[in-house]
Amino acid sequence: MAIRSKFRAETERASIKSVNHFTDRVFYMEQFRKAFEANLYDVHNILVYYGVGGIGKSSLKKEIQKYIKENHSGAITESIDLDLSVYRQEETALYYLRKNLKDKYKISFPTFDIAYAVYWQKTHPNTSLTKENLTLFDDSSIVVSLVSTLGSIPLVGLLPGLSKAIYKSSKVLKEWWTKRGQKELYNLPELEAKDILLRLPVYFASDLKEHIRKNNSQCILLIDTYDALWENIKTEENYFLVDEWVRELVSELPEPLWIFFGREKLRWSELNSEWEQYIKQHLIGGLSEIDSKRLLSSYNIYNEDIRNIIVKASEGVPHYIDLAVDQYYQIKNNHNREPEEKDFAKTQQEVLTRFLRYLDKNEIETLKVLSIARRWDSEIFSLLIDKFNTGYPITALKSFTRFSFVKHDEDNNSYSIHKLMNEGLHSLINENIKTKIHKYLFDYYNNELNAIDVKNVTFKTYTSFIEAFYHGKNILTTEELTDWFYKKMSVFSEAAKWKELIPLTEEIVYITEKSFGNKSLEYANALEKICLLYNIIGQYAKSEKLLIEALNIFRQKKLDNTPKVIIILRELAFILSESAKFEEAIKLYKKSGEILEKNDMKVSPGYADILGNIGKILGSTGRFKEAIKLNEEALDIRRICYGENHTSIAMSMNSLGILYYLLNDFDKALDFYDKALNICKSALGEEHPLYASIINNKAIIFSQRKQNDIALSLFDKVAEIKKNIYGDQHPNYGEILGNLGVTNYFIGNYEKALFYLEKEKEIELKYFGTKHWKYIFTTRDIAAVYYRLKQYDKCLSVCFEIDENSIKEHNKDVYSELLFLKIISYKETGKYEKALPLCDSYIELPDELIKKNITDYDADILNEIIFIYEKQGLSIKAEKLRERFSIKALT
């Protein structure tokens, strides 16, 4: 007998796998054919095939695609598999579909391409989209033509530039621009990146819709592994937000037949019952006996006894049939004999055992070890084989792809094992060995985290954090896990990865509750940690509820006077102050101070911090002398605790400097700043955040004194320090960009001001969302720039990005300014009727706010309102306003 290669089975099995082995499930294919034949352009048509993993959804998808190719070769068809995590982001998924449809069917996407290019440019502000990096688009794209004409994608002057590029291009593009392009993209340059992202499905749909209708085409779009969108979502709270972009796409594009594959039904009708009439959902069950045998015949397995036992053991689940087929060829090719009935399992539980019997020991042990890793790449593959001495060649990773249950993620070049197979392998591993593998992988990923600092936290390091967390859950006690997690999370928090930390911290809350109960101190500590994150991103309502729950736990344990209670009270006070409930916030700060007093800790850093917190509120509400007194007390305490040259002393002096600045005592403020800087320089060096903050405060004073060259020079220095510390996407860096923007605004460099403020806004949107006061203030500043530029439509557009109701009570200054900007912009564009209700709201404001806006914007808003009233025939209102403010009638 000829000697056979150990891996010959790989090539023979692969050749059989390359042949289509779908067993025709008549009902499901018939439902597809009916839907396809009945498809109408104006009526949504959605098919859903759902069922457990391994049941055959992917095979059904392939058979549908095969049927289309053989019977409707002219139809447009494309699919996307959301099991690949990169395609779960809407911009990536839509770009992937656009590229494939363009390559296969020569479909043009001019609207989408322009929108995508502008979106890309706005999310990569430091990298221009030029001829050198146009790999995103093919040569026929309108984007290539635009860049060739203008040199880049201009965010200012986009539409004129686009018109110029189209004038030089094809007749088709000219027709597109005239018919719908300029109409669909009219406000694109003014849109924020987030708003463009929301509209990408609409732009995509518009282009594809036109092609389908113009060419009277049939179209089928398939989305596989739809449930993967919710892979890391543990709660129902945001369930329908996850696939909102898909619903938007389908809503805008009724022309194709849409086919979804997943483990669950589509739940869209829970949001809108109208979806129900357009969606046909079909549960895929196990294969029938006839279909199972037909599938085995397609693999050239004809022995009736063997087929009977495989069919019975698999219960019609294709995954188990596939595993039995792998086993059949393993015996036939590696063991050089014909398989027999006794070789095969009689139940699903035995299928794995029997399959493994015909692998060699090295392969079995390697599979078992890899199943613990969840996902692995070539490095982890080699390390695990070497560490656990499985005997498998470390260079033979590719040979594992011969098995039907091993999946390759090409985007990340990683591998994973089918869930059912993974679970089966886990059950075969000795618990002691399993623990050792988890420990090894925990140490591997944890070591990758040891070298990180605030500047180099990347997606890769975050992935390592997630994997370390997963393996840590399997080997560490809850106390050890939480201790490890709390230490590691601090770097990610400093790097402003708050949103990334939240799901893991929420899981810590769940684990501690499960381990210790919801009345335990461990659970209360976990609540305090998650609330710190909620507060940072402005989720105050959620935070307040949980902080009160944590506070009650400490009180029930008779621990009212502990440091943790002080922290909770301070966080609750912070929430109140952010909601402009200043007096209530001060009461809570004082309460936390009383706890320290009871513990004879009035002369302590914590007590000094509380005095500083109260002083900050007093300063922000104009009670400067009281604020200064408290900060001086805090400074005295810190001197007793730390001496003269501690960073806490610098912090106190910085706070006092801010207060004297607010009192317009600039010389005294600068004196405190300089003292603080000297301490920082010796204690921390010139690359520390506190040093940068104090330089920033000095720059603000020079800006106020109109010494703008000095101010800008200092702001640039701060920007450099903060960029080195945090990177260019951190809120602390965004803050200094805002200061550069405001300074340029005051010296009349409006275009430059706009550049800095827009960048600040993008960062704040990413980290805080649209409800946070920082985002609101920056948006207000951008509106003010457009007002100065006399671009009133843009000014209005930006103003309306701010939720008026969220600021009406808590930020009256901003509210009054927005009213002012809207009124002037409407007046200057002749839209008096729209300005009218705003005028009524404005004159209800306190007199000091009205007069402040007149000073700040060099505009007589009252006469403007009188003018609008008179234009609208409301002379009595105009006269009353004149009397109230003693305004003489204009002649």
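Which residue's side chain meets that of E864 in a salt bridge? In this predicted model, the partner is K827, at 3.1 Å from N to O.

**Figure 1. Overview of the predicted model.** The protein has 891 residues, of which 53% count as buried. Its secondary structure comes to 42 helices and eight strands. Taking contacts between residues at least 6 apart in sequence, 65% join residues at least 24 apart. The structure holds 45 salt bridges, and some of them appear in the views below.

**Figure 2. The salt bridge between E864 and K827.** The N-to-O distance in this side-chain pair is 3.1 Å. The pair links distant parts of the chain, with E864 in helix 41 (residues 861-871) and K827 in helix 38 (residues 812-828). In sequence, E864 and K827 are 37 residues apart. Both E864 and K827 are buried.

**Figure 3. Packing of helix 35 against helix 38.** Helix 35 (residues 773-788) packs on helix 38 at an angle of about 30°, and the two axes are 11 Å apart. Angles under 35 degrees count as roughly parallel, so helix 35 is roughly parallel to helix 38. The crossing of helix 35 past helix 38 is left-handed. On the helix 35 side, the contacts are made by I776, F777, R780, A783, A784 and Y787. These residues meet V814, E817, F820, L821 and I824 of helix 38.

**Figure 4. The salt bridge between K487 and D483 within helix 21.** The closest N and O atoms of K487 and D483 are 3.3 Å apart. Both residues lie in helix 21 (residues 478-494) and are four residues apart, about one turn of the helix. K487 has a relative accessible area of 56% and is therefore exposed, the cut-off being over 50%. D483, at 40% relative accessibility, counts as partly exposed.

**Figure 5. The salt bridge between E644 and R639.** The closest N and O atoms of E644 and R639 are 3.3 Å apart. E644 has a relative accessible area of 47% and is partly exposed. R639 also counts as partly exposed, at 29% relative accessibility.

**Figure 6. A network of salt bridges.** Five residues, K179, R180, E184, D207 and E210, are linked in this network.

**Figure 7. The five-stranded parallel sheet.** The strands form an open sheet in the order 2-3-4-1-5, with parallel pairing. Strand 2 (76-81) and strand 5 (279-283) stand at the edges and have a single partner strand each, so one side of each is left without a neighbour in the sheet. On average, neighbouring strands of this sheet are turned by 15° against each other, direction ignored.

**Figure 8. Strand 1 beside strand 4, with helix 2 across the sheet strands.** Strand 1 (residues 45-50) pairs with strand 4 (residues 257-262) in the parallel sense over six bridges. L47 stands opposite I259 in strand 4. Helix 2 (residues 26-37) lies across strand 1, strand 3 (219-224), strand 4 and strand 5. The angle between helix 2 and strand 1 is about 165°. Angles over 145 degrees count as roughly antiparallel, so helix 2 runs roughly antiparallel to strand 1.

Definitions and conventions
Residues are numbered from 1 along each chain as its sequence is written. This is a predicted model: local features need pLDDT of at least 70, side-chain atom pairs count only at pLDDT 80 or more; totals for chains, interfaces and linings use all residues. Side-chain values use heavy atoms; hydrogens and water are left out. A salt bridge is a side-chain nitrogen of Lys or Arg within 4 Å of a carboxyl oxygen of Asp or Glu. Helices (H or I, at least four residues) and strands (E, at least two) are DSSP runs, numbered from the N terminus. Buried means under 20% relative accessible area, exposed over 50%, partly exposed in between (1.4 Å probe, protein chains only). Two strands pair if DSSP finds at least two bridges between them. Axes are lines fitted to C-alpha atoms, for helices over the stretch in contact, and angles run from 0 to 180 degrees between N-to-C directions. Contact means heavy atoms within 4.5 Å. Angles under 35 degrees count as roughly parallel, over 145 as roughly antiparallel, 65 to 115 as roughly perpendicular and the rest as oblique. A crossing is left-handed if the near helix is turned anticlockwise from the far one by less than a right angle, and right-handed if clockwise.
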